[in-house]
Every structure is written in C-alpha cells, then in structure tokens.
Amino acid sequence: MSDSDRRESSPLLGASQQEERALARHGLMDRVFKNGTGALAVLVLVLLGGIMLSLLISAWPALVSYGGQFFTENRWAPNQQVFGALPAIYGTLITSLIAVVIAVPVSFGIAIFLTELCPAVLRRPLGVTVELLAGIPSIIYGMWGVLVLAPLLQWLSPITFPTGTGLLTAGIILAVMIIPFITATARDVMNTVPAVLRESAYGVGCTTWEVVRSVVLPSIRAGLVGGIILGLGRALGETMAVTFVIGNNLFFSPTLTGQGTSIAALIATQFNEATGVQRSALLALGLILFLITFAVLACARLMLKRMQRRMP
C-alpha cells in the first residue's frame with residue numbers, strides 16, 4: 001500500500017496533521033503579536049527619548065549662554081536679551097497647585113454622590129454631563145474666564161483683583177478644566193469596590209459617610225492618586241485657557257493673586273516671532289516643562305508603589 005493510500009485510509013493521521021498545522025499557525029501568530037506589541041512599546045520609548053534629545057539640543061545655546069542664571073533670573077525681556085525662567089516656572093507650578101487644591105475635593109464629592117447617593121434615574125445623565133466638560137475646547141474656557149470669571153473676581157474684590165486676571169484666576173480655570181478627569185477616574189475606581197463590602201458595612205450599622213471613609217476610600221487609594229496625577233498633568237501643560245486669564249506678566253511676582261505667566265503660555269505667545277537665542281530660551285522652557293511633568297509622574301509612580309506595599 002502506498003503512502004497516499006495509507007493517509008487516505010487513516011483519518012486519524014490526517015486529523016493529527018491538521019492539528020499540528022493549526023498549532024504551528026497559532027504559534028506564528030502569537031510570535032508576530034508579541035514582537036509587534038514589543039516593537040510598539042520600544043517605539044514609544046524611542047519617541048520619548050527623541051523628543052527630549054531634540055529639546056535639549058535646541059535649548060543648549062541658551063543654557064550655555066545664561067547658565068544657572070536662566071533659572072534664577074526674575075524677568076523675561078527679549079528686547080534686552082534677558083531671559084529668566086523663574087516667572088514662568090513659578091506661574092506654572094502655582095496655578096497647577098491651585099487647580100489641584102480646588103478640583104480634588106470637588107471631584108471626589110461629585111464621584112461620591114454619583115456612586116453612593118445619586119438616584120439611579122439621575123446617575124447616568126449627571127455622569128455624562130460631567131464627562132462632557134472634558135470635551136469643551138480650552139479656548140472656550142479661556143473666553144469664559146475673560147468674559148465671566150475675571151469681571152466677577154474684579155467686582156468681588158477690586159483691590160485684590162484690579163483687572164480680574166492673574167494666577168488665582170488661571171488656577172480656578174484650570175480647576176474647572178481638570179474636574180471632569182479626576183471625577184471620571186474616581187467614579188470608575190469607586191465602582192470597582194465589591195458591593196458585598198458596602199452591604200456588610202451597612203449591615204453592621206455604618207452610615208453612608210462611614211462606609212465611604214472606612215470602606216470605599218481605603219480600598220481605592222491608588223486609583224484616586226492616579227486620577228489626581230492625571231488632572232495635574234493636564235493642568236501643567238494647559239496653554240490657551242491660561243494665556244487668556246493669567247495676565248502674561250513677564251516679571252516674577254511671588255503672590256497668588258498677582259498677574260504672571262506660565263511656561264506653556266509664554267511659549268505660545270512668543271514662539272512664532274522668536275529667533276536666535278530667544279527661540280532657544282523658549283525651547284529650554286519646553287524642556288523644563290517636560291522634566292517637571294516627568295518628575296511628577298515619577299513621584300506618583302513611587303508613591304503608588306509605596307501605597308501598594310502597605311496595603312494588606
């Protein structure tokens with residue numbers, strides 16, 4: 001009997017060969033998928049390194065020319081070839097800090113209401129409404145700040161806010177902008193808490209506040225920190241809304257209500273017309289903002305690791 005006759009007369013042997021071919025094909029697909037996803041991950045790191053390297057090369061002339069004075073000079077005066085990053089760095093950090101201080105309690109309050117107290121019929125409409133705030137263009141927030149918020153602050157306190165614009169105004173605008181991001185993250189992680197934990201707490205007589213404080217929040221601390229960092233990263237890099245209301249004062253003013261500038265706003269207003277050392281100085285500001293954002297994310301990562309180690 002020939003080999004072909006044996007294969008035709010042995011269906012079990014043919015089925016075994018088909019299984020081997022299928023396994024080989026699936027193994028090839030798995031290898032392609034693994035290598036492809038790995039290549040994409042490496043590509044992200046390469047792009048990140050390329051961005052940082054290009055910023056460093058472009059900023060190098062300004063960093064060499066001014067040295068440490070670039071970080072300590074308290075004014076930015078292109079007409080006098082004086083470039084100090086201190087006003088922009090201070091404005092970026094203080095407005096982001098104001099935004100986080102205002103947005104975090106408001107966001108957590110909204111998330112707690114949506115997950116624990118809101119009637120079921122209103123839960124979805126209110127949640128969608130909050131999420132829609134994240135889709136509003138930043139320039140709309142800036143226009144709202146100029147037309148509504150700044151005049152309101154000027155009316156409430158004409159001595160503190162003579163023009164209505166300043167660092168505090170920018171911080172309030174940023175707080176409104178990052179509330180949807182923190183709220184959405186907090187709500188999602190709160191929904192991951194098993195219902196049996198809540199029911200057990202209510203069963204022993206706990207109030208809603210006690211359930212939230214002692215059961216819900218301790219079990220989702222890492223997720224809440226992640227939401228805060230997401231909002232902070234959004235605030236650090238915001239450009240248009242801040243440009244409208246921060247006042248664009250290029251001199252260092254260590255106050256909360258005075259006018260100032262931020263790194264993103266300063267780059268946006270001067271980059272198109274900048275040449276030579278001024279352009280290099282603006283790119284150095286971009287490098288500083290990149291490093292600040294990276295440092296914030298790295299600190300958040302370390303904090304999350306420490307929190308996870310402490311969790312039982």
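A salt bridge here is a side-chain nitrogen of Lys or Arg within 4 Å of a carboxyl oxygen of Asp or Glu. The model is predicted: local features need pLDDT of at least 70 and side-chain atom pairs count only at pLDDT 80 or more, while totals for chains, interfaces and linings use all residues. Residues are numbered from 1 along each chain as its sequence is written, and side-chain values use heavy atoms, with hydrogens and water left out.

**Exercise 1. The salt bridge of Arg 198**

Task: Describe the salt bridge that Arg 198 forms, and place both partners in the chain.

Solution.
Step 1. The partner of Arg 198 is Glu 116, and their closest N and O atoms are 2.8 Å apart.
Step 2. Helices are DSSP runs (H or I, at least four residues) numbered from the N terminus. Because Arg 198 lies in helix 8 and Glu 116 in helix 4 (residues 86–117), the pair ties together parts that are 82 residues apart in sequence. Helix 8 spans residues 195–203.
Step 3. Relative accessible area gives three classes: buried is under 20%, exposed over 50%, and partly exposed in between (1.4 Å probe, protein chains only). Both Arg 198 and Glu 116 are buried; for Arg 198 the value is 13%.
Step 4. Contact means heavy atoms within 4.5 Å. Leaving aside residues up to four places away in sequence, Arg 198 touches Glu 116, Met 190, Val 193, Val 211 and Val 216.

**Exercise 2. Other salt bridges**

Task: How many salt bridges does a search of the whole structure find, and how exposed are the partners in the pairs Arg 75 with Glu 73 and Arg 234 with Glu 238?

Solution.
Step 1. The search of the whole structure gives five salt bridges.
Step 2. Arg 75 and Glu 73 meet through their side chains at 3.8 Å, N to O. Arg 75 has a relative accessible area of 25% and is partly exposed, whereas Glu 73, at 15%, is buried.
Step 3. For Arg 234 and Glu 238 the N to O distance is 2.5 Å. Arg 234 counts as partly exposed at 28%, and Glu 238 as buried at 4%.
Step 4. A network of salt bridges links Glu 131, Arg 187 and Asp 188.

**Exercise 3. The largest nonpolar core**

Task: Which residues of the largest nonpolar core touch the most other members, and which helix gives the most to this core?

Solution.
Step 1. A nonpolar core is a set of buried Ala, Val, Leu, Ile, Met, Phe, Trp, Tyr and Cys residues joined through side-chain atoms within 4.5 Å.
Step 2. The largest such core has 71 residues, and Phe 70, Trp 76, Ile 263, Leu 285 and Ile 288 touch the most other members.
Step 3. Helix 13 (residues 276–310) gives the most, with 13 residues.
Step 4. Beyond four places in sequence, the residues that Phe 70 touches include Trp 76, Phe 83, Ala 281, Ala 284, Leu 285 and Ile 288.

**Exercise 4. Aromatic pairs**

Task: What is the geometry of the pairs Trp 76 with Phe 83 and Tyr 90 with Phe 252?

Solution.
Step 1. Rings of Phe, Tyr and Trp (its six-membered ring) pair if their centres lie within 6.5 Å; planes under 30 degrees apart count as stacked, over 60 as edge-to-face and the rest as tilted. Four aromatic pairs are found in the whole structure.
Step 2. Trp 76 and Phe 83 are edge-to-face, at 5.0 Å centre to centre with 70° between the planes. Trp 76 is buried at 3% relative accessibility, and Phe 83 is buried at 1%.
Step 3. The ring centres of Tyr 90 and Phe 252 are 5.2 Å apart and the planes are at 85°, so this pair is edge-to-face. Tyr 90 is in helix 4 and Phe 252 in the loop between helix 11 and helix 12 (263–270), 162 residues apart. Tyr 90 is partly exposed at 21%, as is Phe 252 at 30%.
Step 4. Tyr 66, Trp 76 and Phe 83 form one aromatic cluster.

**Exercise 5. Two residues far apart**

Task: Where is Arg 301 found, and how many ångströms separate Arg 301 and Pro 151 in space?

Solution.
Step 1. Arg 301 is in helix 13 and is exposed, with a relative accessible area of 53%.
Step 2. Arg 301 and Pro 151 are 40 Å apart in space, C-alpha to C-alpha, and 150 residues apart in sequence.

Technical notes. Helices (H or I, at least four residues) and strands (E, at least two) are DSSP runs, numbered from the N terminus.
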